[in-house]
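Welcome aboard! Open your viewer, get your selection tool ready, and take the stops below in order.

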Amino acid sequence: MDIGNMMKAAGAWNTFKRNHPKFPAFCRAVSQRGIREDSVLEIAFVTPEGERLETNLKVKASDLELLGQFMDLTQR
């Protein structure tokens with residue numbers, strides 16, 4: 001990733017944090033507890049019209065491996 005794209009991504013992340021100030025704190029709290037195998041991640045999506053879609057997933061060892069690889073890539 002070149003410096004221009006990195007700066008653009010950093011600006012977008014700063015905007016996201018301003019728009020959603022509770023989300024980074026939520027991520028830190030989850031990170032501090034550690035995402036472990038057999039944890040359950042619940043996701044809900046609600047349209048402006050009120051339609052709700054929900055799902056959940058039970059974290060597997062392979063999910064943790066993928067997350068670790070992603071974290072390695074983003075910290076380079």
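Which residues form a nonpolar patch on the surface? Select Trp13, Phe16, Phe23 and Phe26: together they have about 400 Å² of accessible area in that patch. Patches here are made of residues with over 30% relative accessible area and no salt bridge, with nonpolar side chains (Val, Leu, Ile, Met, Phe, Trp, Tyr) joined within 5 Å and like charges within 9 Å. Accessible areas come from the Shrake-Rupley method with a 1.4 Å probe, and for residues only the protein chains shown count as cover. The elements giving two or more residues to this patch are α1 (3-19) and α2 (22-33).

Before moving on, a word on the model: it is predicted, local features need pLDDT of at least 70, side-chain atom pairs count only at pLDDT 80 or more, and totals for chains, interfaces and linings use all residues. Residues are numbered from 1 along each chain as its sequence is written, and side-chain values use heavy atoms, with hydrogens and water left out.

**The rings**

Keep that selection, since Trp13, Phe16, Phe23 and Phe26 also form one aromatic cluster. The structure holds three aromatic pairs (rings of Phe, Tyr and Trp, the latter by its six-membered ring, with centres within 6.5 Å; planes under 30 degrees apart are stacked, over 60 edge-to-face, the rest tilted). Zoom in on Phe16 and Phe23: their ring centres are 5.6 Å apart and their planes at 85°, so this pair is edge-to-face. Buried or exposed, or in between? Phe16 is partly exposed at 31% relative accessible area, and Phe23 is partly exposed at 37% (buried is under 20%, exposed over 50%, partly exposed in between, with a 1.4 Å probe and protein chains only).

**The helices**

Now colour by secondary structure; helices (H or I, at least four residues) and strands (E, at least two) are DSSP runs, numbered from the N terminus. The 17 residues of α1 should span 24 Å at 1.5 Å a residue (times one less than the number of residues), and its end C-alpha atoms are indeed 24 Å apart. At the N-terminal end of α1, pick Asp2, which caps the helix with a side-chain oxygen 3.0 Å from the backbone nitrogen of Gly4.

Move to α2, where Phe26 lies. Of its twelve residues, the number buried is one, so α2 lies largely in the open. Just after α2 comes Gly34, with a positive phi near 85°.

**Loop and strand**

Select Asp38, in the loop between α2 and β1 (40-46). Most residues other than glycine have a negative phi, yet phi of Asp38 is near 80°, a positive value.

Finally, visit strand β2 (residues 52-58), which contains Leu53. Leu53 is partly exposed, at 47% relative accessibility. Draw a distance from its C-alpha atom to that of Gly68, 15 residues apart along the chain, and you get 28 Å.

How many salt bridges does a search of the whole structure find? It finds one (a side-chain nitrogen of Lys or Arg within 4 Å of a carboxyl oxygen of Asp or Glu). Select Glu54 and Arg52 to see their side chains meet at 2.7 Å, N to O. Glu54 counts as exposed, at 57% relative accessibility.

Terms used. Polar contact = N/O pair within 3.5 Å; in protein donor to acceptor, adjacent residues only side chain to side chain.
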